[in-house]
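Subject: The structure we talked about

Hi there,

Here is the structure I promised to pass on to you. Have a look at it first, and then read my notes underneath.

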Amino acid sequence: MAETRTVCVTGASGYIGSWLVKGLLERRYHVRATVRDPGNGKKVKHLLELPNASTHLSLWKADLTEESSYDDAVQGCEGVFHVATPMEIIYQGQDGKDETETTVNGILSIMRSCSKAKTVKRFVYTSTIGTITMQRQPPLHEYTEDLWSDVDFCYEQKMFGWMYIAAKTTAEKAAWEYATENGIDMVTIHPSLVFGPFLTPYTSFSIDAAISLYTTSSVSLKIMNGVPVVHVDDVCNAHIYLFEHPEAKGRYICSSHTVNIFETAHSLSLKYPDRNIQTEFEGLDKSPKIVPCSSKKLMDLGFEFAHKNKDMGELCAETIESCREKGLLR
């Protein structure tokens, strides 16, 4: 019974982390949520206000840059969900070596904490489709879990977000090596861009992308056309599903939608007729050739995407409304 199970969630105050905590609490798990500063009321208030938080949630101080920082939080846990990641490196453009080392050392430190605890039955790591899709030559039909992004290609091309992709790919490979050598039951989940409502009092990269047509943010618009997307609720349900399923093994892509910016813009223009949503985009292909990210492995395990029938306009609108409710948009 989940009522008696204790799990740890790293990066618990972030977009995915907080929604995952919400889902675990709803299932009556005892959740140890790690954050860098439990005393920062602004950054943890949304966690403490969740249903069942008063009886089933505890906050623990931990930092990816500090060895053994997660020992206490992990000790006695049956599962660990490692969601924490330095998202700020998406916007950086240095050589990436220091950021990669931080990301690698961070996950290995947490895995060493799991080894010390001797209670952890499964380690679920939130990776990204970015560790799969950055290829010199895209596959002919679809991206699958068998593929790995080309880190050398990232360093050569220095495309948007390249440092994040290189760091996450290197870290995941290191994690798999550690898991194999030390008998850690690890499962990795690879979400695409995550849209939908959120609990945090601030936005994130993916939230900014979801509302970019509403805010006319040109930076986010540039990456939107053809990008794969998944609803935050589906991502977090998939985390829990993969933790609980006895046959879960290896890597799992988690993606359900693909953005056609013209169709999405049209849908939003109908939902927000007073906003004058841009619907024409010079230089963008209305029907781009898209190589899909396949979630077949996840669905073959029995997982169902609850939000798969919503159109992209609905997913964007949910994110927009969440921003408006928090006073982050007018």
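Below is what I found, from the overall picture down to single residues.

Please keep in mind that this is a predicted model.

**The whole protein**

The protein has 15 helices and ten strands. Its C-alpha trace spans about 55 × 45 × 40 Å along the principal axes. The radius of gyration is 19 Å, which agrees with the value near 20 Å for a compact globule of 330 residues. Of these 330 residues, 55% count as buried. The accessible surface comes to about 15,000 Å², and 49% of that belongs to carbon and sulfur atoms. If you look at contacts between residues at least 6 apart in sequence, 78% of them join residues at least 24 apart.

**Aromatic rings**

There are eight aromatic pairs in the whole structure. One of them is formed by tyrosine 15 and phenylalanine 198, which meet edge-to-face, with 6.2 Å from centre to centre and 85 degrees between the planes. Tyrosine 15 belongs to helix α1 (residues 15-26), while phenylalanine 198 is in the loop between β7 (193-195) and α9 (205-210), so this pair ties together parts that lie 183 residues apart in sequence. Tyrosine 15 is buried, at 7% relative accessibility, and phenylalanine 198 is buried too, at 2%. Elsewhere in your view, look for Tyr29, Phe81 and Phe243, which ring pairs link into a cluster.

Two rings have a charge over them. The charged end of arginine 275 sits over the ring of tyrosine 214, 4.0 Å from the ring centre. Over the ring of tyrosine 252 you will find the charged end of lysine 297, 4.3 Å from the centre.

**Histidine 46**

This residue is part of helix α2 (residues 41-48). Its relative accessible area is 10%, so histidine 46 counts as buried, the cut-off being under 20%. What does histidine 46 touch, leaving aside residues up to four places away in sequence? Its contacts are Ser13, Ser18, Leu199, Thr200 and Pro201. With serine 13 there is also a polar contact: a polar atom of the histidine 46 side chain lies 3.0 Å from the backbone oxygen of serine 13.

**Glycine 302**

Glycine 302 is in the loop between α14 (296-300) and α15 (312-325). At 41% relative accessibility, glycine 302 is partly exposed. From C-alpha to C-alpha, glycine 302 is 24 Å from isoleucine 184, and the two are 118 residues apart in sequence.

Enjoy exploring it!

Best wishes

Key: Residues are numbered from 1 along each chain as its sequence is written. This is a predicted model: local features need pLDDT of at least 70, side-chain atom pairs count only at pLDDT 80 or more; totals for chains, interfaces and linings use all residues. Side-chain values use heavy atoms; hydrogens and water are left out. Helices (H or I, at least four residues) and strands (E, at least two) are DSSP runs, numbered from the N terminus. Buried means under 20% relative accessible area, exposed over 50%, partly exposed in between (1.4 Å probe, protein chains only). A polar contact is a pair of N or O atoms within 3.5 Å; within protein, one must be able to donate a hydrogen and the other to accept it, and residues adjacent in sequence count only if both atoms are side-chain atoms. Contact means heavy atoms within 4.5 Å. Rings of Phe, Tyr and Trp (its six-membered ring) pair if their centres lie within 6.5 Å; planes under 30 degrees apart count as stacked, over 60 as edge-to-face and the rest as tilted. A charge sits over a ring if NZ of Lys or CZ of Arg is within 6 Å of the ring centre and within 35 degrees of the ring normal. The radius of gyration is taken over C-alpha atoms; the globule rule is 2.2 Å times the number of residues to the power 0.38. Accessible areas come from the Shrake-Rupley method with a 1.4 Å probe; for residues, only the protein chains shown count as cover.
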